[in-house]
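Me: I should like to study a protein model by means of short questions and reasoned answers. Please examine the structure shown below with me.

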Amino acid sequence: MRTSPTRSTLTPTATAAHYRQALDAVLADDGIDAAVVLFMPPLADKPDEVASAILDAAAARPDKPVLASFLGGAGVADLLHRGDLVVPTYTFPEAAATSLGHAAAYQDWRSTPAGVVPDLAGVDAGRARSLIASCAPGPVPAAVAAELLASYGIAVRDSEPGPEPGPRSDPGPDAFLTVRADPVFGPVVAFGLTGDYADLMADVAHRVTPLSDRDAREMVRSLRATPLLDGRTGGPGVDLAALEETVLRISAMVEDLPEIEALELRPVRLLPPGDGVAVAHATIRLADNTAAGGSS
């Protein structure tokens, strides 16, 4: 949404005709995409006439949103409603501006080309289903978890039980990828950087599967800590393409294998561009479908 310094200021004695004239002029400006009208009923008479003038101006320019803030007015929402035409009204102008900003951001999101759920190379769903069939509900043995992930093209370095690997020798960040089965939304993927970023700042991104390439791209770049990943802090950055592909492979895996109740890759070593990512440890837990009346 473009912005413009153009304003139309009216005195407390402005009439409905003045409001209509000012709003027509504002909406005619090619540099203005929307207007917020401020009106203070205690300082002017006939708010119904002013509201009618605002509706007339809004009806004349249906291509430009018009919002209003009737400070201290009671029942003004009814005044700014005529058939199918509604001018949203807010008690304070800040709320009107915030709503307009959210609407503009939503329009930008809708205008972005839709992503696609890609076909991933190196996926052996049949092998993965065989492994799942051989496991009981609950935690999956580490070696089997590694095999399941390998069936979807994700290599796990530490496939044996034991403590989490120690600190990395290079200065790059570590991350985590988790999946939790939500009873309403289904599998939910979470991504964040380990340590204070997630623990103290709650800097974690979430998406509902199945994930498209657009979802994966936006997810790994939506953290407040993104400058640590894309090189804006002065370092080489990390292999974002490999990270996105790992997210997509995790999404495909939990979509194909609904028995997976929870999955966690931690830590995920984020390496420089071209070097991929390295999953240091993985855990998988299977749901007990028999408890819900299903079959294992």
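**Salt bridges and strand pairing**

Reply: In this predicted model, Glu 245 has a relative accessibility of 36% and counts as partly exposed.

Me: With which residue does Arg 249 form a salt bridge, and where do the two residues lie?

Reply: Both residues belong to helix α9 (residues 240–256), where they stand four residues apart, about one turn of the helix. The closest N and O atoms of the pair are 2.9 Å apart, and a salt bridge requires a distance within 4 Å. The partner of Arg 249 is therefore Glu 245.

Me: Is Arg 249 buried or exposed?

Reply: A residue is buried when its relative accessible area is under 20%. For Arg 249 the relative accessible area is 8%, so the residue is buried.

Me: Which parts of the chain does the salt bridge between Arg 180 and Glu 264 tie together?

Reply: The closest N and O atoms of Arg 180 and Glu 264 are 3.8 Å apart. Arg 180 lies in residues 174–182 and Glu 264 in residues 260–270, so the bridge ties together parts that are 84 residues apart in sequence: strands β8 and β11.

Me: Which residues are joined into one network by salt bridges that share partners?

Reply: Glu 264 forms a salt bridge with Arg 180. Glu 264 also forms one with Arg 266, the closest N and O atoms being 2.5 Å apart. The network therefore consists of Arg 180, Glu 264 and Arg 266.

Me: What are the relative accessibilities of Arg 180, Glu 264 and Arg 266?

Reply: Partly exposed residues fall between the limits of 20% and 50%. Arg 180 is partly exposed, as is Glu 264, and Arg 266 also counts as partly exposed. The values are 39% for Arg 180, 21% for Glu 264 and 26% for Arg 266.

Me: How many bridges join β11 to β12, and how do these strands run?

Reply: One of the bridges pairs Leu 270 with Val 277 in β12. In the hairpin of these strands, six residues lie between them, and Gly 274 has a positive phi near 95°. β11 and β12 run antiparallel, and the bridges number eight.

Me: Which strand runs parallel to β12, β6 or β7?

Reply: Two bridges join β6 (residues 138–139) to β12 in an antiparallel arrangement, with Pro 139 opposite Arg 285. Two bridges also join β12 to a strand of residues 156–158, in which Asp 158 has His 281 as its bridge partner. The parallel strand is β7.

Me: How many residues of strand β12 are buried?

Reply: Strand β12 covers residues 277–286 and is mostly covered. Of its ten residues, the number buried is seven.

Terms used: Residues are numbered from 1 along each chain as its sequence is written. This is a predicted model: local features need pLDDT of at least 70, side-chain atom pairs count only at pLDDT 80 or more; totals for chains, interfaces and linings use all residues. Side-chain values use heavy atoms; hydrogens and water are left out. A salt bridge is a side-chain nitrogen of Lys or Arg within 4 Å of a carboxyl oxygen of Asp or Glu. Buried means under 20% relative accessible area, exposed over 50%, partly exposed in between (1.4 Å probe, protein chains only). Two strands pair if DSSP finds at least two bridges between them.
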